Amino acid sequence: MKTTLLLGLPYRLGATPDEHKAADCVSLSREVLKNYGIKSPVPTRDWYRRLRKKDYEVFRDELKRWGTLTTTANIGVVALCKAEKGYALAVYWEGGWLSFVDRTVRWNPEKELEVLELYCPMK
């Protein structure tokens, strides 16, 4: 799905944009990266089991397997952000971040999210 069509999608854990017309922060990030031609890990059932148990460290664990820490927000960068409960992901697009705000995909200027760490894909 084109990145512009992701804007406004509702949040649903485990959903994928093409199949469900909804997304979660993992599938949102994957879809944007795919549009840039960047491969990202396919979420496993274990990821979602951990999330249902409120083990939000799964985000950091998987980001470390996929990429390397960076200090620069740019195309292909995924941010680990502070969320109401634990962590969430945001993905860099058009000079800002695509993430869920009020359970809907929104674009946010770069400085408006509480970003904890930035990860870029390993070469």
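**Notebook: Trp 107, then the empty spaces**

I looked up Trp 107 and found this residue partly exposed, with a relative accessible area of 36%. Buried means under 20%, exposed over 50%, and partly exposed in between, for a 1.4 Å probe and protein chains only. I note that this is a predicted model, where local features need pLDDT of at least 70, side-chain atom pairs count only at pLDDT 80 or more, and totals for chains, interfaces and linings use all residues. Residues are numbered from 1 along each chain as its sequence is written, and side-chain values use heavy atoms, without hydrogens and water.

**Around Trp 107**

Trp 107 sits in strand β5, residues 104–109. Strands (E, at least two residues) and helices (H or I, at least four) are DSSP runs, numbered from the N terminus. I set aside neighbours within four places in sequence and listed contacts of Trp 107, which include Leu 7, Gly 95 and Leu 98. Contact means heavy atoms within 4.5 Å. The Trp 107 side chain also has a polar atom 2.9 Å from the backbone oxygen of Trp 93. The backbone oxygen of Glu 94 is reached by the same side chain at 3.5 Å.

**The cavity**

Next I checked for enclosed space. I found one cavity of 30 Å³ or more. On a 1 Å grid over the protein atoms alone, a cavity is a set of points where a 1.4 Å probe fits but cannot get out; a pocket is an open set with protein on both sides within 12 Å along at least five of seven lines; lining residues have an atom within 4 Å of a point. The largest cavity has a volume of about 180 Å³. A volume is the space filled by probe spheres set on the points, which are joined across faces, edges and corners. The lining has 15 residues, and among those closest to the centre are Val 26 and Trp 47. Helix α5 gives the largest share of this lining, five residues.

How far is Trp 107 from Val 26 in space? I read 16 Å, C-alpha to C-alpha, with their positions 81 residues apart in sequence.

**The pockets**

The largest pocket holds about 820 Å³. Its lining has 26 residues, with Ala 83, Glu 84, Lys 85, Tyr 87 and Ala 88 closest to the centre. Strand β3 supplies the largest share, four residues.

The second largest pocket comes to about 190 Å³. Thr 16 and Arg 30 are among the residues closest to its centre. Here α3 supplies the largest share of the lining, four residues.

Terms used:
Polar contact = N/O pair within 3.5 Å; in protein donor to acceptor, adjacent residues only side chain to side chain.
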